[in-house]
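The exercises below concern a ligand and the protein residues around it. Work through each task before reading its solution.

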Amino acid sequence: MGLSASKKLSTGLKHCTLWKADRSPACRAVMMSLDAMNLSVTEVDINIDKEEHKTPQMLSLNPLQTLPVFKDRELVLCDSHAICTYLAGRYCDSGRLLPKDPGGRSIVDQHMHYNSGILYPRFRAAAYPILYGNCKYLNAQQIMDIECTYYDLECMLVGKCWFGGSWATLSDIIFASSVSTLNILVPVDKYKFPRLSGWLYRVSEELFYVTANKKGLCEFTKRIGELPQVQKS
Ligand SMILES: N[C@@H](CCC(=O)N[C@@H](CS)C(=O)NCC(=O)O)C(=O)O
């Protein structure tokens, strides 16, 4: 990687607050976006296991009882994709993470819809029964559904190193949070999915991944690992 894994001096947005839990992939997407844009906000850690996301204060911000929650003065946003695009549009001039041209922008939107509509629900279906129920393993259907998404992503990467094109954009950040987490449940097979596995390696070398994804991913892995061995059948 070459660069130090410590955070660079960032632009502080003192009027912005992020309520988050590091083990949540949706929260890590926002945290990586902030680091990639070299922005910092007030961060409040919420313990999901203690149901701190369901307190009256949190419910008044987000009745959906999910994290992340982001506040910029009067504006409250409760979806990681919306938060990431808001931050890029409002506080990042370069257009590098979120292209300014409508075509490039809609490619990122397309990836976000895929993440929100396909990838995340499959993560939830596989992980929640283990995290919050008595389930101790993934069933064959859950594994197949996750591998189908790996296949989709493998196809999206034909002829490309990054999902958006020549460099990492918000598409890669959003997918990095989901795929690195799914990879704990169903490892990305480098023979079946060589492009996806190469991309996961490449994105894991990015500074934003090191500073904002690794710790929470370890927490998630530990939480899953506290349970008896996850069986793949
Ligand atoms: N579409 C939402 C999903 C948010 C979501 O479901 N967050 C999870 C954590 S990854 C959550 O807060 N779950 C609450 C719970 O586990 O009770 C987003 O991208 O922000």
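Domain bounds, as used in Exercise 1, come from an automatic or database domain assignment. The model is predicted.

**Exercise 1.** Determine where the ligand lies relative to domain 1 and domain 2.

*Solution.* Start with the shell: 17 residues surround the ligand, and the closest are Leu67, Ser80, Tyr120, Tyr128 and Tyr132. Next, assign the shell to domains. Domain 1 (11-91) and domain 2 (102-225) both contribute residues to the shell, so the ligand lies between them. Finally, consider the pockets: the space taken by the ligand is the largest pocket. Two or more shell residues come from each of helix 1 (25-36), helix 3 (80-91) and helix 4 (102-132).

**Exercise 2.** Find which element gives the largest share of the shell around the ligand, and classify the shell residues.

*Solution.* Helix 4 gives the largest share, with four residues. By class, the shell holds nine nonpolar, six polar and two charged residues.

**Exercise 3.** List polar contacts between side chains and oxygen atoms of the ligand, using a cut-off of 3.5 Å between N or O atoms. Then state how much of the ligand's area the protein buries.

*Solution.* Take the side chains in turn.

1. In serine 80, a side-chain N or O atom is 2.6 Å from a ligand oxygen.
2. For tyrosine 132, the corresponding distance to an oxygen atom of the ligand is 2.9 Å.
3. Arginine 124 has a polar side-chain atom 3.2 Å from an oxygen atom of the ligand.

For the area, the ligand taken alone exposes 510 Å², and the protein buries 87% of that.

Technical notes: Residues are numbered from 1 along each chain as its sequence is written. This is a predicted model: local features need pLDDT of at least 70, side-chain atom pairs count only at pLDDT 80 or more; totals for chains, interfaces and linings use all residues. Side-chain values use heavy atoms; hydrogens and water are left out. A residue is near a molecule or strand if one of its heavy atoms lies within 4 Å of it. A polar contact is a pair of N or O atoms within 3.5 Å; within protein, one must be able to donate a hydrogen and the other to accept it, and residues adjacent in sequence count only if both atoms are side-chain atoms. Accessible areas come from the Shrake-Rupley method with a 1.4 Å probe; for residues, only the protein chains shown count as cover. On a 1 Å grid over the protein atoms alone, a cavity is a set of points where a 1.4 Å probe fits but cannot get out, and a pocket is an open set with protein on both sides within 12 Å along at least five of seven lines; lining residues have an atom within 4 Å of a point. A molecule sits in a cavity or pocket if more than half of its atoms lie within 2 Å of its grid points. Ala, Val, Leu, Ile, Met, Phe, Trp, Tyr, Cys and Pro count as nonpolar, Asp, Glu, Lys and Arg as charged, and the others, Gly among them, as polar.
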